[in-house]
Amino acid sequence: MTEPSTTVDLGTLVSLCKRRGFIFQSSEIYGGLASTWDYGPLGVELKNNIKNAWWKAMVWGRADMVGLDAAILMHTDVWKASGHAERFNDPLVECKECNSRFRADELDEQICSNCGGELSEPREFNQMLQTHLGPVQDDTSLTYLRPETAQGIFVNFGNVLTATRRKLPFGIAQIGKSFRNEITTGSFTFRTREFEIMELEFFVRPGEDDEWHERWVTDCMAWYTGLGMNAERLQLRVHDPKELAHYAKATTDIEYQYPWGWGEMQGIANRTDYDLKAHSEASGESLTFFDDDTKEHITPYVIEPSAGVDRTVLAFLADAYTEEETISAKGKAETRVVLKIHPDLAPIKVAILPLSRNEKLVPLARKVHQSVQSSGVMGGLVQYDDAQGIGRRYRRQDEVGTPLCVTVDFDSLDDDAVTIRERDTMAQERVKIDDLVDELKKRLNG
Ligand code: ATP
């Protein structure tokens, strides 16, 4: 394993996220709710862009995938059959002095890191978050907030098969919220109790599962690097048999080198036929695939790539953060902060900047903004910004990763042209206003 080296430090990233409206502490005006975060105006754009890019690649970009959006709340029997109600546990130890709680498998030392006190023996702690449905709060109304989206896919296997007449191999993809009552949280949005997952279950013939597992590991890695993530900050980690989840035959994690070190961003598990068989047995419904060639009912094996949306957002942010030494317009050395993020993910696609708030420039700049925005082809936000000097505005857009700025200046009044400035190279080029939308579209799509 290589040591973490070049990534941005976490404090800098957290501060940028708050200052520029990517991520805020939840319930901040009440002192905050620990390890719970809200995505601000730019954060929601980035997060949606990541989810859309994933959906585009995994569902629209493949002939062997369909989508699903199952409810967060499910029948309690689902969690009994899947094993989660009983076995979705982490080993918990408690300090005998100050009662701080830790995950036993994450401890470096066998004493409390808070007060140095003695720790208890580990006990199993179930991570399922509970709630009650209806007016009476007793055992019959107890249910859970799902800890993964996968079970919604397994219990709908028969419905999807009937509705879509798919043949093996095929997959069902889903993006949605999940909840886990984590013992320890922290590291910003890396480990929270409410988070989002982009997950798919890929059903294959038994015997073809190992090969498909490998293919999915390769495909998932390619998705991150295809969107510009630095391959040197990615690594695979194969699970030791002892750490495998109760349903898994093999799991490979894709780890990212976060500001504090390597951490799991995605797990790719071979869940075998465990879940379909368990639900079939518990519900009495057959969850098999009928093979027309062999005239046999098969319970497929399943490969599950499961990526945390929030951890992916954090990785793309950390990965894109760059500081460069440059010379300002006034000839002074300065540090330029640039979020070198892929245009598909950038929260703002294009910023329209009048050189100043001069009354002659503003109407033309507004017209240019209107035409670019209403073209509807930028695939995201088009922002108009006229506050402060032009240099500062470029820096502001650089810091949030806007790939292209368009400047409307006094020459524009005469030559019907504007300047396009590229974020990464700072190269500037003059373009006729009539050609602007096509030119921006071309550049954004690479
Ligand atoms: P960890 O070992 O970090 O607890 P896990 O192995 O339990 O994670 P999985 O069950 O494989 O995680 O969940 C799939 C993905 O969901 C993970 O790869 C991760 O990106 C994301 N994820 C899991 N737990 C959390 C959490 N508490 N907060 C944010 N994302 C999470």
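This tour moves from the whole chain to its two domains, then to a sheet and the ligand.

**Stop 1: the whole chain**

Show everything first. Remember that this is a predicted model. Turn on the cartoon view. The protein chain has 13 helices and 23 strands. Its C-alpha atoms fill a box of roughly 75 × 65 × 50 Å along the principal axes. How much of the chain is buried? Buried residues make up 35% of the 446 residues. Now think about contacts between residues at least 6 apart in sequence. Of these, 65% join residues at least 24 apart.

**Stop 2: two domains**

Select 10-88 together with 127-317, and give this selection one colour. That is domain 1. Select 346-444 and pick another colour. That is domain 2. How far apart are the C-alpha centres of domain 1 and domain 2? They lie 39 Å apart. The two domains do touch: six residues from domain 1 and five residues from domain 2 take part in the contact. Next, select helix α2, residues 41-60. On the side of domain 1 that touches domain 2, α2 gives the most, with four residues. By class, that side of domain 1 has three nonpolar, one polar and two charged residues.

**Stop 3: a five-stranded sheet**

Look for an open sheet of five strands. Follow the order β20-β19-β21-β22-β23. The pairing is mixed. Which strands sit at the edges? Select β20 (381-384) and β23 (428-432); each pairs on one side only. From one strand to the next, the twist averages 25°.

Now select β21 (residues 404-408) and β22 (residues 417-422). These two strands run antiparallel, and four bridges join them. Pick T407 and look across: T419 in β22 stands opposite.

Add helix α13, residues 436-444. What does α13 lie across? The helix crosses β19 (348-354), β21, β22 and β23. It runs at about 160° to β21.

**Stop 4: the ligand**

Centre the view on the ligand. There are 15 residues around the ligand. Which come nearest? Select F195, G267, S306, G308 and R311.

Then trace the shell back to its elements. Select β10 (194-204), β13 (261-272), β16 (301-308) and α9 (309-320). Each supplies at least two residues of the shell. Which element gives the most? That is β13, with four residues. Finally, colour the shell by residue class. You will find four nonpolar, five polar and six charged residues.

Technical notes
Residues are numbered from 1 along each chain as its sequence is written. This is a predicted model: local features need pLDDT of at least 70, side-chain atom pairs count only at pLDDT 80 or more; totals for chains, interfaces and linings use all residues. A residue is near a molecule or strand if its C-beta atom, placed from the backbone, lies within 6 Å of it. Ala, Val, Leu, Ile, Met, Phe, Trp, Tyr, Cys and Pro count as nonpolar, Asp, Glu, Lys and Arg as charged, and the others, Gly among them, as polar. Two strands pair if DSSP finds at least two bridges between them. Axes are lines fitted to C-alpha atoms, for helices over the stretch in contact, and angles run from 0 to 180 degrees between N-to-C directions. Two residues are in contact if their C-beta atoms, placed from the backbone, lie within 7 Å. Domain bounds come from an automatic or database domain assignment. A residue is buried if 20 or more other C-beta atoms lie within 10 Å of its own, exposed if 12 or fewer, and partly exposed in between; C-beta atoms are placed from the backbone.
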